Amino acid sequence: MFTGIIEEQGEVLAWEPSGDAARLTVRAPLAASDAKHGDSISVDGVCLTVVDQGPDWFTADVMAESIAASTVARLAPGTHVNLERAAALGDRLGGHIVQGHVDGTTTILSIEEGSAWRVVRLALPASLAALVTRKGSIAIDGISLTVSAVSDAAEAEQWFEVSLIPETLDATTLGAKGPGDAVNLETDILARHVQRLMAVERQGVHA
C-alpha cells in the first residue's frame, strides 16, 4: 500500500521487453537505499516488485496486465518517473490509500497557469466517471491529489480537474507534462468498493 506522497523522481535506465512482460530498471538513490528483494515500489503509480537492486538502482518485473493498463511501456531510458516506497505500519497517511493498481490511462486536455499554482484538466474515461467526484481523492501517476472540479454528467466531453501547488510541480513529473501527455489513473478504493456493492445489490445477489 502507498499514500501517494512522492518521495523522489527516478530515472529510467532500461526497459527490456520479454514476450508479453518486461523488466524495468530505474536509478533511484532513495528508493534503492533500503530496497530488498520482494519489496514493493510505486513507479508512476504502478506497484512493482523489486527483483534486483544496487546502491542507487533497482530492477522490477512488469507483467502484461500492468503494461496493458498503464503508460509503463512508453518509458524509455532517461525518462523521469515518480517513486514511492510502500508505506510502513505506523506511517502518517499524508495522502490517501493508494494500492498501485492502475485503473487505466487518460490524457491532459489543458493547463491553466496561476501565479503559484496550476489547474490541470484531464479527460475522464466513461468507465471511471462514476468513481470521480469533486473533493474526492485520485492518484495521477502515483500522486495523491484532490479533484477540484468535474464535468456535469450531461456534458458531451467528460473531464475533471486537479489543482497543483508549487511543491507538487517541483517534486513530481506533473510539473513537466503538458496537453496531450498520457498519465496513469487510480480511483479511490472506497469508491470502487461502493460501486461494486451497489452493482451486486442491483443484481439481487446477497451474501
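Okay, let's start with a pair of residues: Gln9 has Asn82 as its bridge partner in S6. That contact belongs to the pairing of S1 with strand S6, residues 80-85, which is antiparallel and runs over four bridges. Before I go on, keep in mind that this is a predicted model.

So, staying with S6 for a moment. What else pairs with S6? Strand S3, residues 40-43, does, through three bridges, again antiparallel. If you want a spot to click on there, take Ser42, which sits opposite Glu84 in S6.

Back to S1, which spans residues 8-18 and has Pro17 in it. Is Pro17 buried or exposed? Pro17 comes out at a relative accessible area of 58%, and the cut-off for exposed is over 50%, so Pro17 counts as exposed. If you're looking for a long-range neighbour to orient yourself, try Val62: 45 residues separate Pro17 and Val62 in sequence, and their C-alpha atoms are 9.0 Å apart.

Now, the strands I've just shown you fall in a stretch that has a record attached. The UniProt entry, which is unreviewed, carries the annotation "domain: Lumazine-binding" over residues 1-96 and also over 97-198. For residues 1-96, the chain is 44% strand and 11% helix. The end C-alpha atoms of that stretch are 10 Å apart.

Okay, next, the barrel. Which strands make it up? There are six of them, and the order round the barrel is S7-S8-S11-S10-S9-S12, with antiparallel pairing. On average, neighbouring strands in this sheet are turned by 45° against each other, ignoring direction.

Let me walk you through some of those pairs. S7 covers residues 104-113 and S8 covers residues 118-123, and five bridges hold this antiparallel pair. Glu112 is the one facing Val119 in S8.

Further along the order we get to S9, residues 137-140, and S10, residues 143-150, an antiparallel pair with four bridges. Here you can look for Ile138 opposite Leu145 in S10. How many residues lie between S9 and S10? Two, and the pair forms a hairpin. Do have a look at Asp141 in that turn, with its positive phi of about 50°.

On its other side in the order, S9 meets S12. S12 is residues 182-187, and three bridges join S9 to it, antiparallel once more. The pair to find is Ile140, opposite Leu185 in S12.

Stepping away from strands, there's helix H3, residues 166-171, with Glu167 in it. Glu167 has a relative accessible area of 53%, so it counts as exposed too, given that over 50% is the cut-off. As for distances, Glu167 and Gly94 are 14 Å apart, C-alpha to C-alpha, and 73 residues apart in sequence.

Last stop, the largest pocket, which holds about 290 Å³ of space. Which residues come closest to its centre? Of the 13 that line the pocket, those are Asp44, Leu75, Thr79, His80 and Lys177. As for the character of the lining, we have six polar residues, four charged and three nonpolar. And one of the residues closest to the centre, His80, brings us back to S6, which covers residues 80-85.

That's my tour, thanks everyone.

Key
Residues numbered from 1 in each chain as written. Predicted model: local features only at pLDDT ≥ 70, side-chain atom pairs only at ≥ 80, totals over all residues. Heavy atoms only, no water. Pairing = 2+ DSSP bridges. Axes fitted to C-alpha atoms, helices over the stretch in contact; angles between N-to-C directions. UniProt positions renumbered as here; feature names shortened; annotations may be inferred. Buried < 20%, exposed > 50% of the residue type's maximum accessible area, 1.4 Å probe, protein only. 1 Å grid on protein atoms, 1.4 Å probe; cavity = no way out; pocket = protein on both sides within 12 Å on 5 of 7 lines; lining within 4 Å. Points joined across faces, edges and corners; volume = space filled by probe spheres on them. Nonpolar A, V, L, I, M, F, W, Y, C, P; charged D, E, K, R; others polar.
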